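I opened my notebook to record what I looked up in this structure. My notes follow in the order I took them.

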Amino acid sequence: MSYESDVLRDWYLLFHYGSPDEITAGLGFDVAGLPARCLEFPVTTTEVAGDGPAGRVLDLGCAVGRSSFEFSKRAEAVVGIDFSQSFVDAAEAIRSGKSLSYRRYGEMHLSEMLTATLPEGAHADRIQFEQGDAMDLRADLGSFDLVHAANLLCRLPEPFRFMNRLPALVNSGGYLIMATPATWMDQYTPRENQPEGLTLDYLKHHLDADFEMISVEEVPFLIREHQRKLQLSTSQTSVWQRK
Ligand SMILES: C[S@@+](CC[C@H](N)C(=O)[O-])C[C@H]1O[C@@H](n2cnc3c(N)ncnc32)[C@H](O)[C@@H]1O
């Protein structure tokens, strides 16, 4: 499904801004059994490299923007970039103080309206959202103290073009947070551009010369499509420090 579609935009608005009660309303099972924090993924991945001052941050594949807003609480400046104009427009609407209405699906043909607003404590004035391509970022983007790329890697046709730019994007001593469920699919990434073995080995191969791997953990996430269709996944989340 295209990241420009209204349905996907609505799924992501609920994923990023819905409260646990809003996300789990109407599910036919006891939600206490869900993995811890699977309803807070866009917040959790911003915290895996620590929760201290973050300096200048780049959120690549920011979608509708929640992680960028989280970083703005402790960063001097945040640039959020996504390929989808529809997602960037939604993020920018929230940043500019609008209440953004979106659909939560009960059965897929039945929906109710919910509202996304600026997360409490976020600093809208520190964030800039823009449309862009992680494989072809503008030359004057500058460098960052932290680059966050959550669930982006396996959606890129040529992931190595994104990875080749990373050493220049991250300041010495700065951090890269790379989260991926490794859902490699030919429709996004031609087979010849997918890792031959484990994705973590592929990342080490591309990053080891310029980055030291600090940690790896599985971070669960749940995306509600409708009340009987949920995507429960985990994202292998590695933290790298620029040498
Ligand atoms: C699976 S979503 C993850 C979004 C968000 N980081 C999250 O964790 O919820 C993948 C995102 O990458 C974006 N994307 C896909 N290809 C891209 C590209 N070439 N450059 C930048 N963003 C891209 C999509 O529009 C989508 O927002």
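How many residues lie between E3 and E4 in the hairpin they form? I counted 5 residues between the two strands. I should say early that I am working from a predicted model.

**Entry: the hairpin.** I looked up the strands themselves. E3 covers residues 100-105 and E4 covers residues 111-116. They run antiparallel, and 6 bridges join them. I picked out one bridge: Tyr102 has Leu114 in E4 as its partner.

**Entry: the whole chain.** I then stepped back. I found 7 helices and 9 strands in the protein chain. Its radius of gyration is 17 Å, close to the 18 Å that the globule rule gives for 243 residues, so the chain is as compact as a globular protein of that length. I also looked up the box that the C-alpha atoms fill along the principal axes, and it is roughly 50 × 40 × 30 Å. Of the 243 residues, 40% count as buried. I checked contacts with a separation of 6 or more, and 70% of them are between residues 24 or more positions apart.

**Entry: strands E6 and E7.** I wanted to know how these two strands run. They are parallel, with 6 bridges joining them. One bridge I noted pairs Ala150 with Ala179 in E7. E7 is mostly covered, and 8 of its 11 residues are buried.

**Entry: helix H7.** Which residues of H7 are buried? I noted Thr199, Tyr202 and Leu203 in this helix, which spans residues 199-207. They cover an arc of only 100° around the axis, so they sit on the same side of H7. I looked for what covers them, and found strand E7 (170-180) and strand E9 (229-242) among the elements that do.

**Entry: the ligand.** I listed the shell around the ligand and got 17 residues. The closest are Tyr3, Gly61, Ala63, Phe83 and Ala134. By class, I sorted the shell into 11 nonpolar, 3 polar and 3 charged residues.

**Entry: Ala63.** This residue is among the closest to the ligand, and I looked at it again. It is found in the loop between strand E1 (55-60) and helix H4 (66-72). Its phi is positive, about 55°, although Ala63 is not a glycine. Is Ala63 buried or exposed? It counts as buried, because it has 27 C-beta neighbours inside 10 Å.

**Entry: Asn151.** I found another positive phi here, about 55°, and Asn151 is not a glycine. Asn151 lies in the loop between strand E6 (144-150) and helix H6 (159-169). With 23 other C-beta atoms within 10 Å, Asn151 is buried.

**Entry: Asp82.** I placed this residue in strand E2, which covers residues 75-82. Why does Asp82 count as buried? It has 27 other C-beta atoms within 10 Å, and 20 or more are enough for a residue to be called buried. I then looked up what Asp82 touches, leaving out residues up to four places away in sequence. The list is Gly61, Cys62, Ala63, Phe87, Val88 and Gln131. So that I could set sequence beside space, I also looked up Asp82 and Arg138. They are 56 residues apart in sequence and 13 Å apart in space, C-alpha to C-alpha.

Note on methods
Residues numbered from 1 in each chain as written. Predicted model: local features only at pLDDT ≥ 70, side-chain atom pairs only at ≥ 80, totals over all residues. Buried ≥ 20, exposed ≤ 12 C-beta atoms within 10 Å, placed from the backbone. Helix = DSSP H or I, 4+ residues; strand = E, 2+ residues; numbered from the N terminus. Arc of directions from axis to C-beta. Contact = placed C-beta atoms within 7 Å. Rg over C-alpha atoms; globule rule 2.2 N^0.38 Å. Near = placed C-beta within 6 Å. Nonpolar A, V, L, I, M, F, W, Y, C, P; charged D, E, K, R; others polar. Pairing = 2+ DSSP bridges.
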